[in-house]
Structure formats: C-alpha cells, structure tokens
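The following paragraphs are intended as a guide to the structure shown below, to be read with the model open.

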Amino acid sequence: MSREDVTIGIDVGTTAVKAIAADESGNVKARVRIPHQLRVPAPDQLEHDADEAWRRGPLTALEQLAQPSARAVAVSAMVPSLTAVDAAGRPLTPGLLYGDVRGQVPGASTRPAQPVPAVGEAVEFLRWTAAQAPDAVGCWPAPAVANHALAGEAVIDFATAITSLPLFDGTGWSSAVCAECGVTVDRMPRVETFGAAAGQVHGTGSVLAVGTIDALCEQLVAGADNDGDVLVLCGTTLIVWTTISEARQVPGLWTIPHTAAGKSQIGGASNAGGLFLGWVDRVFGPGDPEAVDPRRVPVWLPYIRGERTPLHDPDRRAVLDGLDLTQDAAALRRAAYEASAFVVRQLIELSGAPVSRIVASGGGTRVQPWMQAIADATGRPVEVTRVAEGAALGAAFLARMAVGLETTIADAARWARIERVVEPRPTWTGPTKDRYRRFLELSGSRLA
C-alpha cells in the first residue's frame, strides 16, 4: 500500500467532529476529535454554533490529521440540520438539529404519533431560518457547510436530501415548498450521489468526495448485513436496526432499505443514547456501576427531552422509579446504562424479527458499562466493532469510491472487524429482566 491510497472521513457529530485517515484495508492511520458545544437554550431546543461545529470543526480536524497525501476526503453528518450562510459560506443563524421545536409542524402535537420522523421538520427549519436571515445567500445543512469550507462546494448527497421530504421530492428541491418558506431553489445546496467526486479540497491535491448520513456510513462498515443481525449505534442518538429479508411495517418503528441488496432494516432512533447518559454524568457524582448489587438498582425512563422511536412523543420526560436510601451514584449510573439497554431490547422485541447477533458501533462502545448493560439486558453477547468512529470510517470508504479505488459500497464489508465480545453475566440477567418489565410498565409499552 502506498501513502497515496489513504483517504479521510470526517464525521460532523452532535458533540464533536471526528476524523480518521484509513488505508485500503480500513486500518486507521491517524485520528482526531474536535469537541464542540451542544447548545440547549430551552428544554425543547437543540442547536450548534454552526460556524464552530460545521465550518471550523472540519477544517481543524483536517489540519490536525496532517495527511497531505490523502487521495480524497468525505464528510458524514447527522440529519436533519440547517443554518443560513453568507456569500463566504459562514453561518449566520444557529445550526438547528433534529428534534428542535423550531422544526415542529404546527398542530403536530395534537396528532397521533407517527412511526417516521416528523413530516416537514426540515421545512419548518427552513421557514424559521429564512425568517431569521432573509438576506442570506444560502440555507444549508451541516454537510453542505463543511463541504463548502473544505472545497468551496455546497454539496450534499441524495440520502441526506431525501430526509427533508417534501422540501426535496426525490429528484430536486421543490420550488413551491421553498417559495412557501421564503427562499428560492438557488439558495439550497447541490445534490449528488454519495461516493461521487465533487471538487478539490483547498490547498491539497485531495478530491472532495460526497459523503452521506452518519448512520448510513456506520452501517457500511459494521458488517451487520445478514438476516437477524442487530446493529446498535451508540452515539449521542441511540439507533437500533435489525436486518430483515423483506420490508414490513410495525407500529412505532421505521423500516428503511438496507445497503445490502434485497434487504431492509427495522428499528429506529432514540434519545436514550449519549444525550441522556452524558446528562447523567454531569448531574451525578462519580461511582463505579460495576460495583453495584444487581438487586439494588432503580429504574430510569430516559426521556429527558422526549422520545423518538417507538413513542414519537417530544413531550415525554424522565422518571426515576424505585429509588431508596441504600442506593448511591453508582446505582444511578448503572440504572442509566440499563435504561438505554432497555430501549435496545424494546426496539428489538417490537420488531418481531428473529435475532442472530448484536453488533455495537459508535463512540459509546468505548464505555464498557454501557456495553455490559446491553449484554445483560438483552441476554446476548454484544460484538463491539474495532473502530469507534464508524461514521468517519464509512465516509473514508466513500472517499475511495470518488477516486476509483472502489467500485461498489458492498465491498465496505471487508472493513468490518470486531474488537471484543461482551458477554451477559448470569448474576445480572435475572434482576435486569425484572427491571425491564418495570420499564415497560412505566413507559406504557405494548410489550408490557
């Protein structure tokens, strides 16, 4: 392998920009993490300083990687997101993020819960953003801001664009919907196929490749492609996908195409990931959740800012049940990890699909108590991927496609490797199962 075969993946995440340089075998040659602030101005708002997180973060990450001979660079990012920009591509408004109330469709709270993201969230983001900056040159999601900063190209991929339905209709931006929001189509980013070459990174010989949604990039290199494989993405958002051979609908869950030909995924995204667990870390003192009596743990409902799948209720709030004087910070931390794990089990069981294995990916895989709780709660071994920056790794593979080093995304499976396996513990599975039943009762799940 030559140095020229190295490609770079940059993941614009909720709490940090992660970037890796990978060789042709998916080995990580360099990695960096550039933290940024997740702003919560109000309980129902979630935003970034888009200049810090979406523009300067990727530039800093690329500089610190120090890989001048990289063949190509691709960006992945969370969806949906939006900010207004000036002629230089600098953000003018807060970077709105998924679930922010400014994306809520008027009257949505009075309608029954839907097993899909709130229809029109991107439309409402655009309406709000355009009103805040009517003279802005563009209204761009995070990857467009990053790609413009890197190469002067405000470009996103079709998968990212399609999450903004009906703003993007599958073939292009809707002039009627844009006009209703107070903008023209020319203020929206260009849309290309992921893995395509889109320009040249400033000051380098690297090609700018079109990346895609962070969860999709992680899926490409996780190896959870066979029927019954469950992929658990442990990031700020917790995402659970079970691979199935035929698409089917289950109330409360999402069903989407898999990157593996002829297969689908069923499951969805939950707020019971790092967003919740990070809050627990900030609020409670230190404590080792592994040093807790298995029988002396309370039960959390982890809904500190509502819940997505399977409840689709932005107004839900957290509950701590069964707390007593014998429990300390360590017990509360264990309860938090269990709450996240209970959501994993709940989404798996609601799908009704048989399970063959559980694969965990994402930055949260570095948190051993979280992985242990998933194993204990599901009663199954958890296979942890080797590279925690899965979205950046998947983006690096797409970068290879842009320069002709790869021809099909199916080959990304060769980069999938398991670092360790976390086994369920017999002394914990019984008490954890009892608490899972209580969790279902408290949440009103139809599994209870």
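Ala66 counts as exposed, because its relative accessibility of 52% lies over the 50% cut-off. The model in which this residue appears is a predicted one. Ala66 belongs to the loop between α1 and β5, and its phi is near 55 degrees, a positive value in a residue other than glycine.

A second residue with this backbone feature is His312, whose phi is near 50 degrees, again positive without the residue being glycine. His312 is buried, because its relative accessible area of 18% falls under the 20% cut-off. The loop between β17 (299–301) and β18 (319–321) that holds Pro310 is also where His312 is found. Thr309 and Pro310 are joined by a cis peptide bond, with omega at about 0 degrees. Another cis peptide bond runs from Leu165 to Pro166, with omega near 0 degrees; Pro166 is in the loop between α4 (158–162) and α5 (175–181).

The strand β5, which follows the loop of Ala66, leads to the sheet. Six strands make up this open sheet, in the order β3-β2-β1-β5-β12-β11, with mixed pairing. The edges are formed by β3 (28–35) and β11 (197–200), each of which has a single partner strand, so one side of each is left without a neighbour in the sheet. On average, and with direction ignored, neighbouring strands are turned by 20 degrees against each other. Strands β1 (residues 7–12) and β5 (residues 72–77) run parallel and are joined by five bridges; Asp11 has Ser76 in β5 as its bridge partner.

Two helices are to be placed against these strands. Helix α1 (residues 50–65) packs on the sheet and touches β1, β2 (16–22), β3 and β5, its direction making about 145 degrees with that of β3. Helix α10 (residues 390–402) lies across β1, β2, β5, β11 and β12 (207–209), at about 135 degrees to β1.

Elsewhere, helix α8 (residues 329–351) packs with helix α9 (residues 368–378) at an angle of about 50 degrees, the axes being 8 Å apart. The two helices are therefore oblique to each other, and their crossing is right-handed. The contact includes Tyr337, Phe342 and Arg345 in α8, and Trp370, Ile374 and Asp376 in α9. By class, the residues of this contact divide into nine nonpolar, three polar and four charged.

Finally, helix α3 (residues 142–151) contains His148. This residue is buried, because a relative accessible area of 19% is under 20%. Leaving aside residues up to four places away in sequence, His148 touches Ala88, Gly89, Trp140, Glu153, Ala154 and His202.

Conventions: Residues numbered from 1 in each chain as written. Predicted model: local features only at pLDDT ≥ 70, side-chain atom pairs only at ≥ 80, totals over all residues. Heavy atoms only, no water. Axes fitted to C-alpha atoms, helices over the stretch in contact; angles between N-to-C directions. Helix = DSSP H or I, 4+ residues; strand = E, 2+ residues; numbered from the N terminus. Parallel < 35°, antiparallel > 145°, perpendicular 65-115°, else oblique. Left-handed = near helix turned anticlockwise from the far one by under 90°. Contact = heavy atoms within 4.5 Å. Nonpolar A, V, L, I, M, F, W, Y, C, P; charged D, E, K, R; others polar. Pairing = 2+ DSSP bridges. Buried < 20%, exposed > 50% of the residue type's maximum accessible area, 1.4 Å probe, protein only.
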